[in-house]
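Q: Please take one part of this structure and go through it closely, for someone who is new to it. I would like one connected account rather than a list.

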Amino acid sequence: MPAKSSTIVTGLTAAALVAIGVLGFQASASASDPLAPVRGDARAADKKPDARDQHDKKDKPPAPVPVPAQSGAGKRVVYALGAKRVWLVGANGTAQRTFTVTPSTVHPAPGTYPVSSRSVSVTGSDGVAIEHVVRFAGVDGVAIGFSAAVDGSTPTPSGKKTGGIRESREDGAALWDFAVRGVKVVVVP
């Protein structure tokens, strides 16, 4: 009897190895990308890029948008009206964060303004609950500032004069932490 069970175990082991070999072959035949070369493999380093390598370069994120040249120096918030973009620039002149915004219907004139007031949460002039309000200017009685809608919405264009420049909640939280009272807001065209 022991000879019979060892024959069965040997047969099952051989069948399992054959199945693993077949599955491994099928997997390697259907793989879409070649395996990464082992470090120090000189042949792989000499290989010229193929079409797949060129495609991978297109999938890289775009280069960061540079801070506008005429936006001053030092710690500041830069708001580019035409680009609908904000940069949070550190004291060393390097952008710590940049993001797009939805502009208000009333625009501040290009220039430098101090952050004049802040509110954790209020109701916007469009009736939407907003948070992280950072005000820096006023035009014809309309307060201009950055804010994020609690529901993540952006204002729809209307004939109403509003000064809320909307950003995402994540960007709003970052701007809130960065732009304390007195920090410069530089508005560029």
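A: Two residues are said to touch, or to be in contact, when heavy atoms of theirs lie within 4.5 Å of each other. The model is a predicted one, and the mean pLDDT of its protein chain is 81, with 69% of the residues reaching 70 or more.

A good place to begin is Leu175, which, once residues up to four places away in sequence are set aside, touches Val77, Val86, Leu88, Phe99, Val134, Phe146 and Glu167. Leu175 is also one of the residues that touch the most other members of the largest nonpolar core, a set of 23 residues, and it shares that standing with Val77, Tyr79, Val86, Leu88, Phe136 and Phe146. Two or more residues of this core come from each of strands E1 (76-80), E2 (85-89), E6 (129-139), E7 (142-149) and E9 (184-188), and from helix H4 (169-178); H4 gives the most, with four residues. Apart from this core lies another one, of six residues, including Val78, Ala80, Trp87 and Val89. In soluble globular proteins, nonpolar side chains tend to be buried together.

Strand E2 deserves a closer look, since five of its five residues are buried, which means that each has under 20% relative accessible area. Val86 and Leu88 point one way from E2, whereas Arg85, Trp87 and Val89 point the other way. E2 pairs with E1 in the antiparallel sense over five bridges, and Ala80 stands opposite Arg85 there. The hairpin of E1 and E2 has four residues between the strands, and in it Lys84 takes a positive phi near 55°. E2 also pairs with strand E3 (residues 95-100), again in the antiparallel sense and over five bridges, with Thr100 as the partner of Arg85 in E3. This second hairpin has five residues between its strands, and Gly93 in the turn has a positive phi of about 90°.

Strand E7, one of the contributors to the largest core, also holds Ile144, which counts as buried because its relative accessibility is 0%. Beyond its neighbours within four places in sequence, Ile144 is in contact with several residues, among them Val106, Pro108, Val134, Phe136, Gly163 and Ile165. The C-alpha atoms of Ile144 and Thr162 are 7.9 Å apart, although the two residues are 18 places apart along the chain.

One stretch calls for caution: over residues 29-45 pLDDT stays under 50, and the model has four contacts beyond four places in sequence for them.

Conventions. Residues are numbered from 1 along each chain as its sequence is written. This is a predicted model: local features need pLDDT of at least 70, side-chain atom pairs count only at pLDDT 80 or more; totals for chains, interfaces and linings use all residues. Side-chain values use heavy atoms; hydrogens and water are left out. A nonpolar core is a set of buried Ala, Val, Leu, Ile, Met, Phe, Trp, Tyr and Cys residues joined through side-chain atoms within 4.5 Å. Buried means under 20% relative accessible area, exposed over 50%, partly exposed in between (1.4 Å probe, protein chains only). pLDDT is the predictor's confidence in each residue, from 0 to 100. Two strands pair if DSSP finds at least two bridges between them.
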